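Thanks for making time for this one. I would like to walk you through a single chain, moving from one part to the next, so please keep the picture in view while I talk.

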Amino acid sequence: MSEILTEIRTFYSIREIKEVVEERMNMLKILLDEYSQWLGALLRDPERLKDQEWGKKMAEIQKILKTGGKSGSKKEGKTTAAEWVNFRDLLICADEFGEVEVLFEAIEDLKAKIDKLGKIKNALTELERYNLGKNIRYVTYIKDGVPEKVAFKLEKKEEQKFKFIADFTAVGGLEG
């Protein structure tokens, strides 16, 4: 895991923040597609389709998803079709249905995060219309890859971007 989950970044325009949001959304959509295909492959497994217990658990997880989690065994306040056990600060599962449940949960989390990023992108688009000027820096609090707060910071003259000024002289000529 090389991703930083909590960070504060300074941007020089709202457009720059929007580009980061769009990039994050695209990355999450790719991940969502990958997990959806993985889940689909598991659910279409002919060996599992023959198993009656598997069918019961599938019906249970689908019911849980439709009702928003109101039946099944408890796992930290959430419902589950698989049997999870606390091991120190980690939940573990030896039930073969655990993999499906993990994928369902990850897919739901990704969908929610993509939705939230879409709303933030729309808010940034609206904010961009105000044309706040070029002397503003946007100090942005990013949590779990999602911008949550933006503080406007008016740039003073001495804080402007670094400028490199130099003279170069080329010595020598072409020999021919």
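Let me begin at the hairpin that β6 and β7 form, with two residues between the strands, where Asp-144 in the turn has a positive phi of about 55°. Please bear in mind throughout that this is a predicted model, so each value I quote is computed from it. A positive phi is noted here for Asp-144 as a residue other than glycine, and at 31% relative accessibility Asp-144 counts as partly exposed.

The two arms of this hairpin, β6 and β7, pair in the antiparallel sense over eight bridges, and if you want a place to check the register by eye, take Arg-137, whose bridge partner in β7 is Lys-153.

Across the same hairpin there is also a ring contact, since Tyr-138 and Phe-152 form an edge-to-face aromatic pair, with 5.5 Å from centre to centre and 90° between the planes. Tyr-138 lies in strand β6, residues 136–143, and Phe-152 in strand β7, residues 146–154, so the pair ties together parts that are 14 residues apart in sequence. Are the two rings buried or exposed? Tyr-138 counts as buried, at 3% relative accessibility, whereas Phe-152 is partly exposed, with a relative accessible area of 46%.

On to the rest of that sheet. Strand β1, residues 6–11, pairs with β6 in the antiparallel sense over six bridges, and here the residue to look for is Ile-8, whose bridge partner in β6 is Tyr-141. Taken together, the strands make an open sheet of three, in the order β1-β6-β7, with antiparallel pairing. β1 and β7 stand at the edges with a single partner strand each, so one side of each is left without a neighbour in the sheet. The twist averages 20° from one strand to the next. As a general reminder for reading the picture, in a regular strand the side chains alternate between the two faces of the sheet.

Now to the helices, starting with α1, which covers residues 14–43. Its 30 residues should span 44 Å at 1.5 Å a residue, and the end C-alpha atoms are 43 Å apart, which agrees. The buried residues of α1 include Ile-17, Val-21, Met-25, Leu-28 and Leu-32, but Lys-18 and Arg-24 are also among them, and you may want to find those two on your own screens.

How many aromatic pairs does a search of the whole structure find? There are two, and the one I have not yet shown you is that of Tyr-35 and Trp-38, which is edge-to-face, at 6.2 Å centre to centre and with 65° between the planes. Both of these residues lie in α1, three residues apart, about one turn of the helix, and Trp-38 is partly exposed, with a relative accessible area of 42%.

The helix to compare with this is α4, residues 98–128, which has 31 residues and reaches 44 Å from its first C-alpha to its last, close to the 45 Å expected at 1.5 Å a residue. Its buried residues include Val-100, Leu-103, Phe-104, Ile-107, Leu-110, Ile-114 and Leu-117, and Glu-101 is another of them.

How do α1 and α4 lie relative to each other? Their axes come within 9 Å and cross at roughly 160°; an angle over 145° counts as roughly antiparallel, and α1 and α4 are therefore roughly antiparallel to each other. As for the handedness, α1 passes α4 in a left-handed crossing.

I will finish with one more residue to set beside Asp-144, namely Arg-88, which lies in the loop between β4, residues 84–87, and β5, residues 90–93. Phi of Arg-88 is near 60°, again a positive value in a residue other than glycine. Arg-88 is exposed, with a relative accessible area of 75%, whereas Asp-144, in the loop between β6 and β7, is partly exposed.

Notes
Residues are numbered from 1 along each chain as its sequence is written. This is a predicted model: local features need pLDDT of at least 70, side-chain atom pairs count only at pLDDT 80 or more; totals for chains, interfaces and linings use all residues. Side-chain values use heavy atoms; hydrogens and water are left out. Helices (H or I, at least four residues) and strands (E, at least two) are DSSP runs, numbered from the N terminus. The expected span of a helix is 1.5 Å times one less than its number of residues. Buried means under 20% relative accessible area, exposed over 50%, partly exposed in between (1.4 Å probe, protein chains only). Rings of Phe, Tyr and Trp (its six-membered ring) pair if their centres lie within 6.5 Å; planes under 30 degrees apart count as stacked, over 60 as edge-to-face and the rest as tilted. Two strands pair if DSSP finds at least two bridges between them. Axes are lines fitted to C-alpha atoms, for helices over the stretch in contact, and angles run from 0 to 180 degrees between N-to-C directions. Angles under 35 degrees count as roughly parallel, over 145 as roughly antiparallel, 65 to 115 as roughly perpendicular and the rest as oblique. A crossing is left-handed if the near helix is turned anticlockwise from the far one by less than a right angle, and right-handed if clockwise.
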